[in-house]
Amino acid sequence: MQTASFQSHFVYTRDVAYDTKVKYDEDKSSSYKKVTTKGVNGEEEVTVRTTFVDGVQTDAVQTDAKTIKEAVDEVVVKGKAEDTSSST
């Protein structure tokens, strides 16, 4: 019985999630929060080599990944000062 095998390369793009960085401002109250830089997902192109034997996928290996667009980190500023106001 003969077996038929072949390999194929699939190329697709996928999102790269952005990170969130937190900075603290000693002069702002602890309830203060502001996004100073909005996060943006990046994108990369991925190549996968897939092997088929008798029409059944037997292996898939990522062979390459290229950055198309860098992710932009989100930057959030939070206050760190204690709130000294009293609600009595």
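1. Start with Phe52. At 16% relative accessibility, this residue counts as buried. The model is a predicted one, so keep that in mind through every point below.

2. Phe52 has an aromatic partner. The structure holds one aromatic pair. Its members are Phe6 and Phe52, with ring centres 5.0 Å apart and planes at 15 degrees, so the pair is stacked. Planes under 30 degrees apart count as stacked.

3. What does the pair tie together? Phe6 belongs to strand E1, residues 5–16, and Phe52 to strand E4, residues 42–53. The pair therefore links parts that are 46 residues apart in sequence. The two rings are not covered alike: Phe6 is partly exposed, at 48% relative accessible area, while Phe52 is buried at 16%.

4. Now the overall plan. How many helices and strands does the protein have? It has zero helices and six strands. Along the sequence the pattern reads β-β-β-β-β-β.

5. Next, the overall dimensions. The radius of gyration is 25 Å, whereas a compact globule of 88 residues would have one near 12 Å. The C-alpha atoms fill a box of roughly 90 × 25 × 15 Å along the principal axes. Look at the model with those three box lengths in mind.

6. Burial and surface come next. Of the 88 residues, 16% are buried. The protein exposes about 6,900 Å². Carbon and sulfur atoms supply 46% of that area.

7. Contacts along the chain deserve a look too. Take the contacts with a separation of 6 or more: residues 24 or more positions apart account for 79% of them. The Phe6 and Phe52 pair, at 46 residues apart, offers an example of two distant parts of the sequence tied together.

8. Stay in strand E4 and find Thr51. Is Thr51 buried or exposed? It is buried, with a relative accessible area of 14%. Its side chain is joined to that of Gln7 by a polar contact of 3.3 Å. Beyond its neighbours in sequence (up to four places away), Thr51 touches Phe6, Gln7, Val56, Gln57, Thr58 and Asp59. Note Phe6 in that list: it is also a member of the stacked pair.

9. Glu44 is another residue of strand E4. Its relative accessibility is 15%, so Glu44 counts as buried. The cut-off for buried is under 20%. Which side chain does the side chain of Glu44 meet in a polar contact? That of Arg14, at 2.6 Å. Setting aside residues up to four places away in sequence, Glu44 touches Tyr12, Thr13, Arg14, Val16, Ala65, Lys66, Thr67 and Ile68.

10. Glu74 is a second glutamate to check. It lies in strand E6, residues 74–81. At 15% relative accessibility, Glu74 counts as buried. Leaving out neighbours within four places in sequence, its contacts are Tyr18, Asp19, Thr20, Lys21, Val35, Thr37, Lys38 and Gly39. Now compare sequence and space. Glu74 and Ala60 are 14 residues apart in sequence, yet their C-alpha atoms are 34 Å apart.

11. Turn to the loop between E4 and E5. Asp54 has its place there. Its phi is near 50 degrees, a positive value in a residue other than glycine. Asp54 is partly exposed, at 45% relative accessible area.

12. Gly55 lies in the loop between E4 and strand E5, which spans 56–69. Gly55 is exposed, with a relative accessible area of 62%. How far apart are Gly55 and Thr3 in sequence and in space? They are 52 residues apart in sequence and 9.5 Å apart in space, C-alpha to C-alpha. Set that beside Glu74 and Ala60, with 14 residues and 34 Å.

13. Finally, two lysines sit over rings. Lys28 lies over the face of Tyr32, at 5.0 Å from the ring centre. Lys80 lies over the face of Tyr24, at 5.4 Å from the ring centre. Find both in the model.

Conventions. Residues are numbered from 1 along each chain as its sequence is written. This is a predicted model: local features need pLDDT of at least 70, side-chain atom pairs count only at pLDDT 80 or more; totals for chains, interfaces and linings use all residues. Side-chain values use heavy atoms; hydrogens and water are left out. Rings of Phe, Tyr and Trp (its six-membered ring) pair if their centres lie within 6.5 Å; planes under 30 degrees apart count as stacked, over 60 as edge-to-face and the rest as tilted. Helices (H or I, at least four residues) and strands (E, at least two) are DSSP runs, numbered from the N terminus. Buried means under 20% relative accessible area, exposed over 50%, partly exposed in between (1.4 Å probe, protein chains only). A charge sits over a ring if NZ of Lys or CZ of Arg is within 6 Å of the ring centre and within 35 degrees of the ring normal. A polar contact is a pair of N or O atoms within 3.5 Å; within protein, one must be able to donate a hydrogen and the other to accept it, and residues adjacent in sequence count only if both atoms are side-chain atoms. Contact means heavy atoms within 4.5 Å. The radius of gyration is taken over C-alpha atoms; the globule rule is 2.2 Å times the number of residues to the power 0.38. Accessible areas come from the Shrake-Rupley method with a 1.4 Å probe; for residues, only the protein chains shown count as cover.
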